[in-house]
Amino acid sequence: QEVRLVCGEDPPTVTDLPNLPYTRAVLDETLRLYPSLWAFSRRAEADDVVCGYHIPKGARLLISPYIVHRQAAYWSEPECFKPERFLGDTDPLPDSYIPFGIGPRQCIGKRFALLEAQIMLAMIVNQFTLLPESQDENPVSSSTTLTPTHSIEVKLKTR
């Protein structure tokens with residue numbers, strides 16, 4: 001409905017994106033549950049203590065957005081798909097939403113990827129209704145990125 005109200009029958013453009021907050025929230029919530037990288041590493045620059053554990057300088061740490069994004073301490077109902085959590089005035093707690101990494105080594109393509117994905121999502125929902133062929137849960141396997149274990153089949157119904 002949002003895309004139809006903003007774009008009508010026309011394809012969405014970059015200038016439409018600020019007027020598509022729910023579309024962006026759907027994208028953000030999808031990336032929360034299925035981040036582009038399920039884990040990445042960083043090296044400790046100095047000795048530190050994290051949650052009572054001593055981290056020596058030079059230690060390699062594994063950070064998992066997939067796990068961080070599912071922590072009840074940061075997210076209410078963390079396993080539920082709720083795009084509304086990205087609407088309004090509340091932002092996620094610092095460092096609790098990291099689908100493209102964090103810090104100076106954050107993915108350089110983040111802004112372009114989000115822009116491109118939001119336009120594609122708006123184009124798809126403006127032209128089609130997506131009907132899942134199966135209600136089965138589709139587990140993911142982890143290699144470099146998260147990948148569905150089997151194909152996700154949908155029917156496209158023209159609007």
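Residues are classed here as buried when their relative accessible area is under 20%, as exposed when it is over 50%, and as partly exposed in between, with a 1.4 Å probe and protein chains only. By this criterion, buried residues account for 28% of the 159 residues in the protein chain. The structure is a predicted model, in which local features need pLDDT of at least 70 and side-chain atom pairs count only at pLDDT 80 or more, while totals for chains, interfaces and linings use all residues. Residue numbers start from 1 along each chain as its sequence is written, and side-chain values use heavy atoms, with hydrogens and water left out.

The protein chain contains 4 helices and 8 strands, taken as DSSP runs (helices H or I, at least four residues; strands E, at least two) and numbered from the N terminus. Their order from the N terminus is α-α-β-β-β-β-α-α-β-β-β-β. The C-alpha trace spans about 60 × 35 × 30 Å along its principal axes.

Strand S1 (40-43) presents a covered face, formed by Phe40 and Arg42, and an uncovered face, formed by Ser41 and Arg43. S1 runs antiparallel to S4, to which 4 bridges join it; strands are regarded as paired if DSSP finds at least two bridges between them. Within this pairing, Ser41 of the uncovered face stands opposite Leu62 in S4.

Salt bridges were assigned where a side-chain nitrogen of Lys or Arg lies within 4 Å of a carboxyl oxygen of Asp or Glu. The count under this rule is 6 salt bridges. One of them joins Arg85 to Glu29, with an N to O distance of 3.0 Å. This pair links distant parts of the chain, 56 residues apart: Arg85 belongs to the loop between helix H3 (65-68) and helix H4 (110-127), and Glu29 to helix H2 (residues 21-33). Both partners are buried, Arg85 with a relative accessible area of 15% and Glu29 with one of 0%. Salt bridges further connect Glu29, Arg32 and Arg85 in a network.

Two further salt bridges involve other combinations of exposure. The side chains of Arg4 and Glu9 meet at 3.2 Å, N to O; Arg4 is partly exposed at 29% relative accessible area, whereas Glu9 is exposed at 66%. In the salt bridge between Glu79 and Arg70, the closest N and O atoms are 3.5 Å apart. Here Glu79 is exposed, with a relative accessible area of 55%, and Arg70 is buried, with 14%.

Aromatic pairs were defined by ring centres within 6.5 Å for Phe, Tyr and Trp (its six-membered ring), with planes under 30 degrees apart counted as stacked, over 60 as edge-to-face and the rest as tilted. The whole structure yields 3 such pairs. Trp75 and Phe86 form a tilted pair, with 5.8 Å from centre to centre and 40 degrees between the planes. Both rings lie in the loop between H3 and H4, so the pair ties together parts that are 11 residues apart in sequence. Trp75 and Phe86 are both buried, and ring pairs join them with Tyr97 in a cluster.

Pockets were located on a 1 Å grid over the protein atoms alone, as open sets of points where a 1.4 Å probe fits, with protein on both sides within 12 Å along at least five of seven lines; lining residues have an atom within 4 Å of a point. Grid points are joined across faces, edges and corners, and volumes represent the space filled by probe spheres set on the points. The largest pocket has a volume of about 1,200 Å³. Its lining comprises 35 residues, of which Tyr34, Phe81, Pro132, Ile152 and Val154 are the closest to the centre. Helix H1 (2-7), H2, H4, strand S5 (128-132) and strand S7 (146-148) each contribute at least two lining residues. The lining has 18 nonpolar, 8 polar and 9 charged residues, where Ala, Val, Leu, Ile, Met, Phe, Trp, Tyr, Cys and Pro count as nonpolar, Asp, Glu, Lys and Arg as charged, and the others, Gly among them, as polar.

The second largest pocket holds about 800 Å³ of space. Among its 24 lining residues, Arg42, Val50, Leu61, Leu62 and Ile63 lie nearest the centre. Two or more residues of this lining come from each of S1, strand S2 (48-50), strand S3 (53-55), strand S4 (60-63) and H3, and S4 gives the largest share, 3 residues. By class, this lining has 15 nonpolar, 3 polar and 6 charged residues.
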